[in-house]
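This briefing covers selected strands, a helix and a loop residue in one protein model. Please read it alongside the sequence and the coordinates.

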Amino acid sequence: MESVLIVGAGMFGLTTAIELRRRGYSVTVLDPGPLPHPLAASNDTNRMVRMDYGDDALYVELAGKAIEGWRVWNQRSGQTLYHEDGFLMACSQPMAPGEFEHDSYQYLSKQGYDLQRMDSGRIMQQYPLWNGDRYKDGYLNPTAGWAEAANTVIWLAEEAQASGVELRSDTQVSGFIEAGNKVSGVITSAGYQETADLVVVAAGAWTAALLPELTEVMQPVGQPIVYLQPADPDLYRGPQFPPWAADIPRTGWYGFPANRDGVVKIANHGPGRSMTTEGPRNLNADEMSRFNSFIKDTIPSLADAPVVNSRLCLYCDTWDGNFWIGHHPNKGGLVVAAGGSGHGFKFAPVMGGLIADVIEKVDAPYAERFAWRPKGEATAEAIRYTGE
């Protein structure tokens with residue numbers, strides 16, 4: 001039985017561990033802990049689950065399979081890890097060909113999904129908390145929702161251990177055991193060595209710190225998040241208040257229904273702020289000003305809700321917004337599985353299988369898109385606001 005060391009116990013690492021264990025490998029996961037790690041992207045109240053990707057057939061297909069997987073996870077876990085409350089795409093101007101919202105609507109409709117087209121009147125009627133005067137077009141995709149991120153990671157850690165994975169949440173990896181062009185294990189910050197037949201780095205935003213050769217194609221980027229506590233959170237619960245994106249290619253703003261604690265999370269999926277993994281996570285005055293202007297103009301009833309928390313979510317951004325899953329071209333025995341780029345968590349139910357296929361060099365349909373690749377012309381995942 002081959003042995004595998006996985007560096008990182010976030011979504012990428014844990015789903016890979018579970019799948020490799022299912023395939024018969026001996027698996028150990030190393031993470032500095034605690035789990036979920038308080039600074040990791042996998043640790044939060046919620047994450048969007050959607051298949052709206054313009055006309056990008058690969059992501060749409062993968063997201064559809066993931067949603068089926070989320071439903072299975074709800075049954076297996078006995079919890080509602082995934083809330084299928086739909087996804088509202090609201091636009092301040094008519095949807096037009098070539099734009100993200102229009103292309104998503106057209107592509108998904110052709111695939112047979114029953115989307116509900118919106119106009120100003122319908123938005124006012126169906127979602128009265130929204131500013132229907134500003135948002136004049138869009139659609140609701142009922143086959144979508146949100147996942148409880150931290151609770152999902154907790155469940156995945158339990159599943160991993162139950163399957164026989166050794167999970168050590170007290171171990172910081174600082175380097176690799178290398179001889180020539182072969183990696184045979186890792187070195188911990190305490191100076192210990194751990195050997196294995198294969199090492200998988202799934203360290204999220206910390207990946208490039210372990211592998212500096214990736215700094216040109218992968219970097220930590222901070223994205224603003226604001227958490228609000230409305231006086232009557234029941235008004236903001238799904239599905240009457242579904243997960244949403246508001247003019248997102250032009251603003252970057254998206255948000256969620258109130259969670260179990262009555263907290264409404266609103267975040268930005270835009271250019272973000274380049275930063276280090278150990279840098280402060282506080283929003284600056286400009287970021288808060290942008291948020292305040294947006295919320296007053298979009299969901300006015302939330303403008304006076306107390307801010308109970310705000311911070312920067314640390315993306316592991318690749319240069320093109322696609323995941324980074326592949327064997328290191330110059331170091332045998334080393335695989336990288338990272339680069340979530342702010343849209344990876346929704347794929348959790350299928351991510352472990354995809355990574356395991358790459359590890360075993362299976363001819364998988366998604367492997368080429370996410371493979372080790374040189375930096376090209378800067379692009380981004382289609383929904384990303386560029387700040388222009």
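The points below are grouped by topic, and they describe a predicted model.

**Strand β1 and its partners**

- Strand β1 covers residues 3-7 and is mostly covered, with four of its five residues buried.
- On β2 (residues 26-30), the pairing with β1 is parallel and is made through five bridges.
- Within β2, the residue opposite Ser-3 is Ser-26.
- Between β1 and β2 the chain passes through helix α1 (residues 11-22), and the resulting β-α-β crossover is right-handed.
- β1 also runs parallel to strand β13 (residues 198-201), to which four bridges join it.
- Leu-5 has Val-199 of β13 as its bridge partner.

**The open sheet β3-β8-β4**

- Three strands make up an open sheet with antiparallel pairing, in the order β3-β8-β4.
- β3 (47-49) and β4 (82-83) are the edge strands, and each of them pairs on one side only.
- Two bridges link β4 to β8 (residues 145-147) in the antiparallel sense.
- Trp-146 in β8 is the bridge partner of His-83.

**Helix α2 and the residue after it**

- Helix α2 comprises 21 residues (residues 57-77), so at 1.5 Å a residue it should span 30 Å.
- The C-alpha atoms at the two ends of α2 are 30 Å apart, in agreement with that expected span.
- Gly-78 comes just after α2 and adopts a positive phi of about 70°.

**Asn-259 and its surroundings**

- Where does Asn-259 lie? Its place is the loop between β16 (253-255) and β17 (264-268).
- Is Asn-259 buried or exposed? The relative accessible area of Asn-259 is 8%, and buried means under 20%, so this loop residue counts as buried.
- A polar atom of the Asn-259 side chain is 2.9 Å from the backbone nitrogen of Asp-261.
- With neighbours within four places in sequence left aside, Asn-259 is in contact with Thr-45, Trp-146 and Arg-237.
- One of these contacts leads back to the open sheet: Trp-146, which touches Asn-259, is also the residue in β8 that is bridged to His-83.

Methods
Residues are numbered from 1 along each chain as its sequence is written. This is a predicted model: local features need pLDDT of at least 70, side-chain atom pairs count only at pLDDT 80 or more; totals for chains, interfaces and linings use all residues. Side-chain values use heavy atoms; hydrogens and water are left out. Two strands pair if DSSP finds at least two bridges between them. The expected span of a helix is 1.5 Å times one less than its number of residues. Buried means under 20% relative accessible area, exposed over 50%, partly exposed in between (1.4 Å probe, protein chains only). A crossover is right-handed if, with the strands pointing away from the viewer, the path from the first strand over the helix to the second runs clockwise. A polar contact is a pair of N or O atoms within 3.5 Å; within protein, one must be able to donate a hydrogen and the other to accept it, and residues adjacent in sequence count only if both atoms are side-chain atoms. Contact means heavy atoms within 4.5 Å.
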